[in-house]
Amino acid sequence: MVLVDIRETPSAKAADIFLQIRPGKDFEVLTILRALIKGQAVEAEAVRPTGLTLEQLQDLAQRLKKARFGVLFFGMGLSMTRGKHMNSAAALTLAAELNAFTKFVAMPMRGHGNVTGADVVLRYTTAYPFGVSLSRGYPRFNPGEFSTVDLLVRGDTDATLVVGADPGATMPQPAIEHLRRTPTIVLDPKVTHTSRLAKVHITTAATGISAPGTVYRMDEIPLPLRPILHSPYPTDEHVIRSIRQTIQNRGGGFLPTPDHLQIA
Amino acid sequence: MELSVVQNAVCTFCGCVCDDIELHADGQRIVETKRACILGEAWFKHHTAERLYPAALIDGREASLEEAIACAAEILERADLPLIYGLSNITCEAQREAVWLAETVGAVIDSHTSL
Ligand code: SF4
């Protein structure tokens, strides 16, 4: 196991090789690796700013190619630093290109329960995994433009429904301020940080404990939940459906949705 | 209160989604977990079937579920560019409903993946 990080984390003890790179140099490291894998010449000078040596990266490139089945796990550190989505794209391209030599896959490390399910559901309904705008009536995908932090920091949105998340505890301050300024609706089993700055909070049953349904494991295996308790609160599914039905019953909504065109 | 036992319960606290957990509950709360990690055990024991929070809040004041749904519907319908965000700790069935709602109001829909 090779671990690449900007600092020596506890996981480094479990790794066979630990490579410490300079912060913000993810894109450079990934791109140099892509060049080395294809046998292109790389100057030692070009490697120096990454905090690694050419020998280290050459060794890594050889190991990647020699693996019989490699997995590139990547975390949020990659897309949260300089380069953002371009870093993730570089990691995915590296894994894709390695398939010219061996079997290789890339998998994002997931912190939250069913974020993989969100990718899958958005993909099969809209064709894109996240950051999808339906504001023109058809799906458009553009990370940076339609990703939540960017939308909120720029102040593009004028209402937010937050389900299964607590951005009030984790997002940058300007984003939180925008959530406070505009009407925010929160669905959560608890009264969260975001609930406190929201206009509306609705308490819902806890997923998997008292709400049934399906969730996806990180490797995209769907698993049925087996809830053990009966919650006094409705499920998220029920509340979201009720909100949509309320809008449709009033004849409201952005586009007329004939029954035969419904997507869910 | 009689104990109920669920075999092969699924933990949704982290992306590993362990599916081999044994839960014992007394109707109100989970009293024992087997094979869950420390985080999973804390997650299971933390959520109870008790009514700890009001059904809904509007402007910080307690409200009924129906009032809150009507208010939420009005906010989303009125907005020029609403955003639906999160989707991580909910079921796929709820996520599908969220996509449908997004389509109905012309919203941007986004998850933790974009972070
Ligand atoms: S039991 Fe632990 S490792 Fe497994 S899903 Fe729950 S939190 Fe994650």
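Student: How many of the 14 residues of α3(B) are buried?

Tutor: In this predicted model, α3(B) is mostly covered. Its buried residues include B:Cys92, B:Ala94, B:Trp100, B:Leu101 and B:Val105, and B:Gln95, B:Glu97, B:Glu103 and B:Thr104 also belong to the buried set. Of the 14 residues in α3(B), the number buried is twelve.

Student: What distance separates the end C-alpha atoms of α3(B), and what span should its 14 residues have?

Tutor: The helix α3(B) has 14 residues, and the expected span is counted at 1.5 Å a residue. That rule takes one less than the number of residues. The expected span and the distance between the end C-alpha atoms therefore agree, each being 20 Å.

Student: Which residue just after α3(B) takes a positive phi?

Tutor: The helix α3 of chain B covers residues 92–105. Just after it, phi has a positive value of about 70 degrees. The residue concerned is B:Gly106.

Student: Which element gives the largest share of the largest nonpolar core?

Tutor: The largest nonpolar core has 42 residues, and those with the most contacts inside it are A:Ile202, A:Ile243, B:Ile84, B:Leu101 and B:Ile109. The elements giving two or more residues to this core include α6, β7 and α11 of chain A, together with β4, α2 and α3 of chain B. The largest share is eight residues, and the element that gives it is α2(B).

Student: Which residues of α2(B) are buried?

Tutor: A residue counts as buried when its relative accessible area is under 20%. In α2(B), which runs from 65 to 78, the residues in this class are B:Leu65, B:Ala68, B:Ile69, B:Cys71, B:Ala72, B:Ala73, B:Ile75 and B:Leu76.

Student: Which residue of chain A is in contact with B:Ile84?

Tutor: B:Ile84 is among the residues with the most contacts inside the largest core. Leaving aside neighbours within four places in sequence, its contacts in chain B include B:Ala98, B:Leu101, B:Val108 and B:Ile109. From chain A, the residue in contact with B:Ile84 is A:Leu161.

Student: How many residues does the second, separate core have?

Tutor: Nonpolar side chains tend to be buried together in soluble globular proteins. Apart from the core around B:Ile84 and its partners, a second core includes A:Leu33, A:Ala35, A:Leu60 and A:Leu78. The number of residues in this second core is 26.

Student: How many of the residues around the ligand are nonpolar, polar and charged?

Tutor: The residues around the ligand include B:Cys11, B:Phe13, B:Cys14, B:Val17, B:Cys18, B:Ile21 and B:Cys37. B:Ala36, B:Leu39 and B:Gly40 are also in this shell. By class, the shell has nine nonpolar, one polar and no charged residues.

Student: Is B:Asp20 buried, exposed or partly exposed?

Tutor: B:Asp20 is in the loop between β1 and β2 of chain B, and among its contacts are B:Ala9, B:Lys34 and B:Arg35. Its C-alpha atom is separated by 4.2 Å from that of B:Asn8, twelve residues apart along the chain. Partly exposed covers the range between 20% and 50%. With a relative accessible area of 33%, B:Asp20 is therefore partly exposed.

Student: What distance separates the centres of domain 1 and domain 2 of chain B?

Tutor: Chain B is divided into domain 1, 4–46, and domain 2, 56–114. Taken over C-alpha atoms, the distance between their centres is 28 Å.

Student: How many residues does each domain of chain A give to the contact between them?

Tutor: The domain assignment of chain A gives domain 1 as 2–108 and domain 2 as 115–253. Their centres are separated by 33 Å, taken over C-alpha atoms. The contact takes five residues from domain 1 and, from domain 2, seven residues.

Student: What is the value of phi of A:Glu220?

Tutor: Most residues other than glycine have a negative phi. A:Glu220, in the loop between β10 and β11 of chain A, has a positive value. At 36% relative accessibility, A:Glu220 counts as partly exposed. Its phi is near 65 degrees.

Student: Where is B:Asp59, a residue with a positive phi?

Tutor: Phi of B:Asp59 is near 50 degrees. The relative accessible area of B:Asp59 is 43%, so this residue is partly exposed. Its place is in the loop between β4 and β5 of chain B.

Technical notes. Residues numbered from 1 in each chain as written. Chains lettered and ligands numbered in written order. Predicted model: local features only at pLDDT ≥ 70, side-chain atom pairs only at ≥ 80, totals over all residues. Heavy atoms only, no water. Domains from an automatic or database assignment. Near = heavy atom within 4 Å. Nonpolar A, V, L, I, M, F, W, Y, C, P; charged D, E, K, R; others polar. Core = buried A, V, L, I, M, F, W, Y, C linked by side-chain atoms within 4.5 Å. Buried < 20%, exposed > 50% of the residue type's maximum accessible area, 1.4 Å probe, protein only. Helix = DSSP H or I, 4+ residues; strand = E, 2+ residues; numbered from the N terminus. Contact = heavy atoms within 4.5 Å.
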